[in-house]
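Trainee: Before we begin, may I ask how the terms used for a structure are justified by its values? I should like to see the reasoning set out step by step.

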Amino acid sequence: MARQRGGAVLAPAAVLAAALGLLAWLPGRLGFVGATAPALQPPRAGGAATALHAAKAAPPKKTRLSLAEAIERQKENQAAKGDKKDDAKLSKEKTFWEGPPSSTEVFAPLLSCLVVIGIVPFIASVNRQFRVKYKITDRRVSVSGGWDGKDVTEFSYQEIYEMKYGMRWLGYCADMRINLRDGAKVELFGLLNFYQNYEYIYNRIDKEARKRSDKPPGELE
């Protein structure tokens with residue numbers, strides 16, 4: 001009986017000792033058993049900004065071109081510059097109409113020659129026939145005159161402020177006055193082919209100048 005009781009006491013003690021030894025051996029084999037997990041750290045607020053600043057501060061990478069690529073790029077740049085120069089060149093100026101004033105302005109001074117005072121206006125009107133010339137192009141209007149015909153007044157269509165006219169000889173010709181933006185006034189007496197010439201100039205001035213100007217004779221009918 002004494003031996004049986006002693007064996008019964010030793011058996012649980014042996015099992016308990018084996019279990020304690022097993023528990024002591026397992027932590028060395030399994031790192032996560034009984035180990036303390038590292039604490040999670042909150043993300044730093046300045047981390048993204050620091051990374052962005054570092055990316056901006058990084059110098060750009062230079063790409064090396066071969067000699068053939070460099071020559072080809074230079075040719076392309078020269079060709080582009082040549083195209084720009086060609087576009088900048090003005091096209092040839094085209095003349096729409098050119099001629100002297102109407103000879104009808106000589107009739108009245110000629111009749112006035114019967115009076116001595118009419119001689120001077122007659123000489124002036126004859127001189128105008130030989131010296132004065134009107135020229136209308138796609139860019140400007142020019143008037144050459146003076147006693148030697150070397151006085152030239154020319155202006156672009158953008159300089160015209162308004163235009164007024166009065167018909168003569170039932171529309172055969174007309175006297176035209178052009179007021180410029182700087183206050184100057186240019187008069188074209190006895191302008192021939194007036195219907196076409198006035199409409200040509202009228203269509204090339206700006207919208208506000210057309211409002212201030214007389215309408216072409218064709219639009220009044």
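Mentor: Let us start with a cut-off: buried means under 20% relative accessible area, exposed means over 50%, and partly exposed lies in between. Please also keep in mind that this is a predicted model.

Trainee: Why is Asp-206 called partly exposed?

Mentor: Asp-206 has a relative accessibility of 28%. The class of partly exposed residues lies between 20% and 50%, so Asp-206 counts as partly exposed.

Trainee: What makes Asp-206 and Arg-181 a salt bridge?

Mentor: The rule asks for a side-chain nitrogen of Lys or Arg within 4 Å of a carboxyl oxygen of Asp or Glu. For Asp-206 and Arg-181 the N to O distance is 2.3 Å, so the pair satisfies the definition of a salt bridge. The two residues belong to distant parts of the chain, 25 residues apart: Asp-206 is in the loop between H6 and helix H7 (207-212), and Arg-181 is in the loop between E6 and E7. Arg-181 is partly exposed as well, because its relative accessibility is 44%.

Trainee: How many salt bridges does this rule give?

Mentor: The count comes to six. One of them joins the side chains of Glu-154 and Arg-140, at 3.5 Å from N to O. Glu-154 lies in strand E4 and Arg-140 in strand E3, so this salt bridge ties together parts that are 14 residues apart in sequence. Glu-93 also belongs to this picture, since Glu-93, Arg-140 and Glu-154 are linked in a network of salt bridges.

Trainee: How do you know whether Lys-211 and Glu-208 form a salt bridge?

Mentor: Their closest N and O atoms are 3.9 Å apart. The limit is 4 Å, so the pair is accepted as a salt bridge. Lys-211 and Glu-208 are three residues apart in helix H7, which means that about one helical turn separates them. Lys-211 is exposed, because its relative accessibility is 58%, whereas Glu-208, at 42%, is partly exposed.

Trainee: How do you know that E3 and E4 are paired strands?

Mentor: Two strands pair if there are at least two bridges between them. E3 and strand E4 (residues 151-156) have six bridges and run in the antiparallel sense, so they pair by this rule. Ser-144, for instance, stands opposite Val-152 in E4. Five residues lie between the strands of this hairpin, and Gly-146 takes a positive phi near 90 degrees there.

Trainee: What makes E5 and E6 a pair?

Mentor: E5 and E6 share eight bridges in the antiparallel sense, and at least two are required. Within this pair, Ile-160 stands opposite Leu-180 in E6. The hairpin has four residues between its strands, and Trp-169 has a positive phi near 55 degrees.

Trainee: What is notable about the phi of Leu-170?

Mentor: Leu-170 has a positive phi of about 55 degrees although it is not a glycine. Most residues other than glycine have a negative phi. Leu-170 is in the loop between E5 and E6, and it is exposed because its relative accessible area is 92%. Asn-193, in the loop between E7 and H6, likewise is not a glycine and has a positive phi, of about 50 degrees.

Trainee: Why is Pro-216 called buried?

Mentor: Pro-216 has a relative accessibility of 4%. Buried means under 20%, so Pro-216 counts as buried. Pro-216 is in the loop between H7 and helix H8 (217-220). Leaving aside neighbours within four places in sequence, Pro-216 is in contact with Tyr-165, Tyr-198 and Tyr-202.

Trainee: Which residues touch the most other members of the largest nonpolar core?

Mentor: They are Ile-160, Met-163, Met-176 and Ile-201, in a core of 25 residues. Among the elements that each supply at least two residues are strand E2 (133-137), E5 and E6, while H6 gives the most, with five. Sequence neighbours within four places aside, the contacts of Ile-201 include Ile-136, Val-141 and Tyr-157. In soluble globular proteins, nonpolar side chains tend to be buried together.

Terms used: Residues are numbered from 1 along each chain as its sequence is written. This is a predicted model: local features need pLDDT of at least 70, side-chain atom pairs count only at pLDDT 80 or more; totals for chains, interfaces and linings use all residues. Side-chain values use heavy atoms; hydrogens and water are left out. A nonpolar core is a set of buried Ala, Val, Leu, Ile, Met, Phe, Trp, Tyr and Cys residues joined through side-chain atoms within 4.5 Å. Buried means under 20% relative accessible area, exposed over 50%, partly exposed in between (1.4 Å probe, protein chains only). Contact means heavy atoms within 4.5 Å.
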